[in-house]
Amino acid sequence: MEKPKNHKLKEGSEEEVSLDFGPCCACEKEDPTVRNVLLLPRKAPVPGTGWGCAVCNLPPDGLVCVICDDCLKEKKQPRFAILDLATKKLRIPMEQISTEPFDHDIQAHKMWDLISQPAKGEG
Ligand SMILES: [Zn+2]
Ligand SMILES: [Zn+2]
């Protein structure tokens, strides 16, 4: 019987995510902590490259930002948004984003909540 050769470090089970989103949309620094994806209720500049919602049938046209851990902690407002696919690392200034709202259909979600009860305990 053979054992697999590559030893994986199990200690400190911190998962290294190798997704590279490019610079932080708030402070523009570029490092591995830039991994917090924000889904904003506005329209992405390029349709089909953003977030969508299966519950209320939203197309994947929602605006996406990615910010670093520090900015997430400090709740900084992103000054840029992701333009086109995140992997292209393109940015567009917030003021150039369409103000057209893009958000969940609350009614659809209420219906969804009714049929799929949350299994959360209170804590
Ligand atoms: Zn940042
Ligand atoms: Zn939704």
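Me: Is Asn57 buried or exposed?
Reply: Asn57 is exposed in this predicted model, because just 10 other C-beta atoms lie within 10 Å, and the cut-off for exposed is 12 or fewer.

Me: Where does Asn57 lie?
Reply: Asn57 is in the loop that runs between strand 2 and strand 3.

Me: What is the phi of Asn57?
Reply: Asn57 is not a glycine, yet its phi is positive, at about 65 degrees. As background, most residues other than glycine have a negative phi.

Me: And Lys75, what's its phi?
Reply: Lys75 also is a residue other than glycine with a positive phi, near 50 degrees. Lys75 belongs to the loop between helix 1 (69-73) and strand 4.

Me: Lys75, buried or exposed?
Reply: Exposed: Lys75 has 8 other C-beta atoms within 10 Å.

Me: What about the hairpin of strand 4 and strand 5, which residue takes a positive phi there?
Reply: Asp84 does, with a phi near 65 degrees. That hairpin has 6 residues between its strands.

Me: How many bridges join strand 4 to strand 5?
Reply: There are 4 bridges between strand 4 and strand 5 (residues 90-93), and the two strands run antiparallel. Within that pairing, Leu83 stands opposite Leu90 of strand 5.

Me: Switching to the open sheet. What's the strand order?
Reply: The open sheet has 3 strands in the order 1-3-2, and the pairing is antiparallel. Strand 1 (36-43) and strand 2 (51-53) are the edge strands, each pairing on one side only. On average, neighbouring strands of this sheet are turned by 45 degrees against each other, direction ignored.

Me: What holds strands of a sheet together in general?
Reply: They pair through backbone hydrogen bonds, in either a parallel or an antiparallel way.

Me: How many bridges join strand 2 to strand 3?
Reply: Strand 2 and strand 3 (residues 58-67) are joined by 2 bridges and run antiparallel. Trp51 has Gly62 in strand 3 as its bridge partner.

Me: Now the largest nonpolar core. Which residues touch the most other members?
Reply: Cys24, Cys25, Cys65, Val66, Ile67 and Ala81 do, out of 18 residues in that core. Strand 3 and strand 4 (80-83) each supply at least two of the core's residues. Strand 3 gives the most, with 5 residues.

Me: Take Ile67. What is it in contact with?
Reply: Leaving aside neighbours within four places in sequence, the contacts of Ile67 include Cys24, Cys25 and Ala26. Val34, Asn36 and Leu38 are also among them. The list ends with Leu72, Lys76 and Pro78.

Me: Where is Glu30 found?
Reply: Glu30 is in the segment before strand 1. Glu30 counts as partly exposed because it has 14 other C-beta atoms within 10 Å, where exposed would need 12 or fewer and buried 20 or more.

Me: What does Glu30 touch?
Reply: Glu30 touches Gly22 and Pro23, if residues up to four places away in sequence are not counted. As for Asp20, Glu30 is 10 residues from it in sequence and 9.2 Å from it in space, C-alpha to C-alpha.

Me: Other end of the chain. Where does Asp113 lie?
Reply: Asp113 lies in helix 2. Asp113 is exposed, with 11 other C-beta atoms within 10 Å.

Me: How far apart are Asp113 and Val55?
Reply: Asp113 and Val55 are 58 residues apart in sequence, and their C-alpha atoms are 9.9 Å apart in space.

Me: Stepping back, how many helices and strands are there in the protein?
Reply: The protein has 2 helices and 5 strands. Along the sequence the pattern reads β-β-β-α-β-β-α.

Me: How much of the protein is buried?
Reply: Buried residues are 20% of the 123 residues. Of the contacts with a separation of 6 or more, 54% are between residues 24 or more positions apart.

Me: What pLDDT does the protein average?
Reply: The average pLDDT is 86, and 80% of the residues score at least 70. Where pLDDT is low, the predicted coordinates should not be read in detail.

Me: Which elements have the lowest and highest mean pLDDT?
Reply: Helix 2 (residues 106-115) has the lowest mean pLDDT among the elements, at 92, and helix 1 has the highest, at 97.

Note on methods
Residues are numbered from 1 along each chain as its sequence is written. Chains are lettered from A and ligands numbered from 1 in the order in which they are written. This is a predicted model: local features need pLDDT of at least 70, side-chain atom pairs count only at pLDDT 80 or more; totals for chains, interfaces and linings use all residues. Two strands pair if DSSP finds at least two bridges between them. Axes are lines fitted to C-alpha atoms, for helices over the stretch in contact, and angles run from 0 to 180 degrees between N-to-C directions. Two residues are in contact if their C-beta atoms, placed from the backbone, lie within 7 Å. A nonpolar core is a set of buried Ala, Val, Leu, Ile, Met, Phe, Trp, Tyr and Cys residues joined through C-beta atoms within 7 Å. pLDDT is the predictor's confidence in each residue, from 0 to 100.
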